[in-house]
Amino acid sequence: MAFESLSDRLQGAVEKMGKKGKISEADLKEMMREVRLALLEADVNFKVVKDFVRRVNDRALNAEVLASLSPAQQVIKIVNEELTDLMGGDQVGIAYNDQGPTVIMMVGLQGAGKTTTTGKLANYLRDKDSKKPLLVAGDVYRPAAIDQLKTIGNQLKLDVFDRGTEANPVDIAQEGLAYAKAHGYDLVFIDTAGRLQIDQALMDELKNIKATVQPDEIILTVDAMTGQEAANVAKAFDEDLSISGVVVTKLDGDSRGGAALSIVSITGKPIKFTGTGEKLADIEIFYPDRMANRILGMGDMLTLIEKAHAEFDEQEAERVAEKMRANTFDFNDFLKQMDQMNKMGPLEDLIKLIPGMNKLPGLDQLKVDPKETARVKAIIQSMTNYERENPDEINQSRRKRIAKGSATSIQEVNRLIKQFNQTREMMSNLTNGNLGGLGNMFGGMGGGMRGGQMPGNKRDQIQAQKLARQMKKARRRGGRKK
């Protein structure tokens, strides 16, 4: 997970500070030392770390303590605000051109995931902003680069403009733009060539493409796994091309995340999106404030709600909520909910978006094996329609038959039915604004939580219950609108 090691270190420093009623200069100095070490270990640029620590320290020493906050909470608030500023402050989206097709020139080194990101971003903006994108294959040097873009286009049902490997990249970009204007495309992605390292020939070609098509956006793709080198690459591209933004890929594979923290400070250009996985849907808008909250263990409910909104059918969700209230939730519903949850991403990552859940004992052991999901599906699909609709009627003889039909054991069938009952109880509690059952579900899955207890302190529990009530009201309003 991105920023995992940084998050652990910073949360440790924050938690230690939070236990103190009053803070001395010595306490603050110790915390700043921990923050400095955490950032350096996360591979953040040394100069960026130095400036960050100085700003936090200056503000903390001179801050007037708010009446509603303890001194420790005030310092945490300052760290959160400075982290947000370090990553750009505000979220910056795509600057669309109202006068014609919006041209986005994708640049970067080989291996950073530029071509895949081109397809991901085009697909995302088509769905989110109702755009009609055209992909222009301008990388004529890397073997199979054009074939890769065409394959991605086929998978995502995106059109690709291709002139082959013999044409000049500048001509390809110009002709691709003309084709887009003639055929009603309002978004043009030009996938340019990369190199294993920055060289003058690469930059000259990119400058010529820029001068010819005058793109509205020049977006650089960088690999988070390269650490500080990602910031150096961003600086070099910005000096020659004046990039408009950055996409950081493989952020899910780098537990340090230093690239994302260094790039904005070094280039002054925003991170607009992040690649969060290998699937073509694994791309997210980058929100500095939300990422700061995640790093400090404060969760990210807005992102969780957006993920749910994108993947869950609202009418289906309302239907399931009614079934929960009537206590008629069955295995058919369970299977649908499981499929929708899987689309949102790994369960362990979703849980960490909930405020306070980072403190859940045993969370680091919580991993969902895809093979286990397949076994669960096999068991449910081996049930008759009557059994799926009437879970409480599945007796011992039926369980034996289901186990045999799904090539699993009677113990696995029993375990699934037990988990189903726990989930049904938990969802019933959530539907009625009571989060007590949440602990039971995670206790069974994580293996380390005391049954029925919510994570975090009393304040975390109150906030979670308040959120449940708000979501319940939102569902009702949504139902009335329909």
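**Notes on a predicted model**

1. Start with the cavity lining. E372, R375, V376, I379, E412, R415, L416 and Q419 line the largest cavity. Two elements, helix 16 (370–381) and helix 19 (410–431), each give two or more residues to this lining. Keep in mind that this is a predicted model.

2. How many cavities of 30 Å³ or more does the structure hold? There is 1. The volume of the largest cavity is about 70 Å³. By class, its lining has 4 charged, 3 nonpolar and 1 polar residues.

3. Now the sheet. It is open and has 8 strands, with mixed pairing. The strand order is 3-2-4-1-5-6-7-8. Strands of a sheet can pair in a parallel or an antiparallel way, through backbone hydrogen bonds.

4. Which strands stand at the edges? They are strand 3 (159–161) and strand 8 (283–285). Each has a single partner strand, so one side of each is left without a neighbour in the sheet. Direction ignored, neighbouring strands of this sheet are turned by 25 degrees against each other on average.

5. Look at one edge in detail. Strand 8 pairs with strand 7 (residues 271–275) in the antiparallel sense. The pairing runs over 3 bridges. Here F273 stands opposite I285 of strand 8.

6. Next, the helices on the sheet. Helix 7 (residues 169–182) lies across strand 1 (102–108), strand 2 (133–137), strand 3 and strand 4 (187–191). Helix 7 runs at about 160 degrees to strand 2. Helix 8 (residues 200–213) also packs on the sheet. Helix 8 touches strand 1, strand 4 and strand 5 (217–223). The direction of helix 8 makes about 175 degrees with that of strand 1.

7. Turn to the second largest pocket. Its volume is about 220 Å³. The lining has 14 residues. Which of them lie nearest the centre? They are K120, T249, K250, G277 and E278.

8. Where does this pocket's lining come from? Helix 5 (114–129) and strand 6 (245–249) are the elements that give two or more residues to the lining of the second largest pocket. Helix 5 gives the most, with 3 residues. By class, the lining of this pocket divides into 6 polar, 5 charged and 3 nonpolar residues.

9. Last, the aromatic rings. A search of the whole structure finds 7 aromatic pairs. One of them is formed by F329 and F420. Is this pair stacked or edge-to-face? The pair is stacked, with 15 degrees between the planes and 5.9 Å centre to centre.

10. What does this pair tie together? F329 lies in the loop between helix 13 (314–325) and helix 14 (331–344), and F420 lies in helix 19, so the pair ties together parts that are 91 residues apart in sequence. Helix 19 also gives two or more residues to the lining of the largest cavity.

Notes
Residues numbered from 1 in each chain as written. Predicted model: local features only at pLDDT ≥ 70, side-chain atom pairs only at ≥ 80, totals over all residues. Heavy atoms only, no water. 1 Å grid on protein atoms, 1.4 Å probe; cavity = no way out; pocket = protein on both sides within 12 Å on 5 of 7 lines; lining within 4 Å. Points joined across faces, edges and corners; volume = space filled by probe spheres on them. Helix = DSSP H or I, 4+ residues; strand = E, 2+ residues; numbered from the N terminus. Nonpolar A, V, L, I, M, F, W, Y, C, P; charged D, E, K, R; others polar. Pairing = 2+ DSSP bridges. Axes fitted to C-alpha atoms, helices over the stretch in contact; angles between N-to-C directions. Contact = heavy atoms within 4.5 Å. Phe/Tyr/Trp six-rings, centres within 6.5 Å; stacked < 30°, edge-to-face > 60°.
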